[in-house]
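Please open the model in a viewer and keep the selection tool at hand. The tour below proceeds from one selection to the next.

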Amino acid sequence: PWEVVTAQAQSSTAAWAAMLRQMPYMALLRNLNNLLKHGVTRDADALGYVVETLHDPERVAKSKQLPFRYFSAIKALERNDSTDDSEAVAKIRQALEEALELSFANMPALGARVLIANDVSGSMSSKPSAKSDMTMAEIAAIFAAAAYKKAEHGTIVSFDDTAHPRETLPTSIAAIARAITGHGGGT
């Protein structure tokens, strides 16, 4: 299994470079920081392969990854301090944001006026599993952002013990999700 191979290859740049084009989509998504850390993405062809694979519409659809997996990978890149290759990080991040947008390609249009309410109460700061780096609030925010983008005239109101109307929002799902996640009061 990939988990065994990648665990054994932790310190080998050559092994990571050799595995790059053989990794299934999810393995690639989960090992982006390893590829960066070991310098695999310093090679222009390798970086091009990673970027093209991540935001290829067919690969995104075929992978059936839940949208929050892309957001989780974006967050992991933001926390990555093991590389000085900011150009590669920026390109990979852009590819992940495009993949996140593509992961909602089949979501139907929602109509003219839509109110989206996302829960940002304290209980939403819990994680779906012990291994997750995502919170329930972030996962809800991703779906709220996608709904917002599919509405002709959407409005997002985050709520905890009060309502928090979100007036001006960015354009990408990832940026909207970041903008509507915060607060954490009671319900």
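Begin with helix α7, which provides the largest share of the lining of the largest pocket, namely 7 residues. Helices here (H or I, at least four residues) and strands (E, at least two) are DSSP runs numbered from the N terminus. The model is a predicted one, in which local features need pLDDT of at least 70 and side-chain atom pairs count only at pLDDT 80 or more, while totals for chains, interfaces and linings use all residues. Residues are numbered from 1 along each chain as its sequence is written, and side-chain values use heavy atoms, with hydrogens and water left out.

**The largest pocket**

The largest pocket has a volume of about 540 Å³. Now select R30, R69, S72, K131 and D133, which are the closest to its centre among the 20 residues that line it. A pocket is an open set of points on a 1 Å grid over the protein atoms alone, where a 1.4 Å probe fits and protein lies on both sides within 12 Å along at least five of seven lines; lining residues have an atom within 4 Å of a point. The volume is the space filled by probe spheres set on the points, which are joined across faces, edges and corners. Add α3 (25-30) and α4 (32-37) to the selection: these two helices and α7 each supply at least two lining residues. By character, the lining consists of 9 nonpolar, 6 polar and 5 charged residues. In this division Ala, Val, Leu, Ile, Met, Phe, Trp, Tyr, Cys and Pro count as nonpolar, Asp, Glu, Lys and Arg as charged, and the others, Gly among them, as polar.

**Salt bridges**

Remain on α7 and select K75 together with E138; they form a salt bridge whose closest N and O atoms are 2.8 Å apart. Since K75 belongs to α7 and E138 to helix α9 (residues 136-150), the pair ties together parts that are 63 residues apart in sequence. The term denotes a side-chain nitrogen of Lys or Arg within 4 Å of a carboxyl oxygen of Asp or Glu, and by this rule the count comes to 7. K75 and E138 are both buried, where buried means under 20% relative accessible area, exposed over 50% and partly exposed in between (1.4 Å probe, protein chains only).

Proceed to K149 and E101, whose side chains meet in a salt bridge of 2.7 Å, N to O. K149 lies in α9 and E101 in helix α8, so this pair ties together parts that are 48 residues apart in sequence. K149 is partly exposed at 37% relative accessibility, and E101 is partly exposed at 25%.

Next, select E87 and K91, which are joined by a salt bridge of 3.1 Å, N to O. Both lie in helix α8 (residues 86-102), 4 residues apart, about one turn of the helix. Finally, display E78, R93, E97 and R178, which are linked in a network of salt bridges.

**Individual residues**

Which residues does L47, in helix α5 (residues 44-54), contact beyond its neighbours within four places in sequence? They are T41, A88, K91 and I92, contact meaning heavy atoms within 4.5 Å. L47 counts as buried, at 9% relative accessibility.

Select K64 in the loop between α6 (57-63) and α7 (67-79). K64 has a positive phi of about 55° although it is not a glycine, and at 71% relative accessibility it counts as exposed.

End at G154 in strand β2 (residues 151-159), whose C-alpha is 9.0 Å from that of L110, a residue 44 positions away in sequence.
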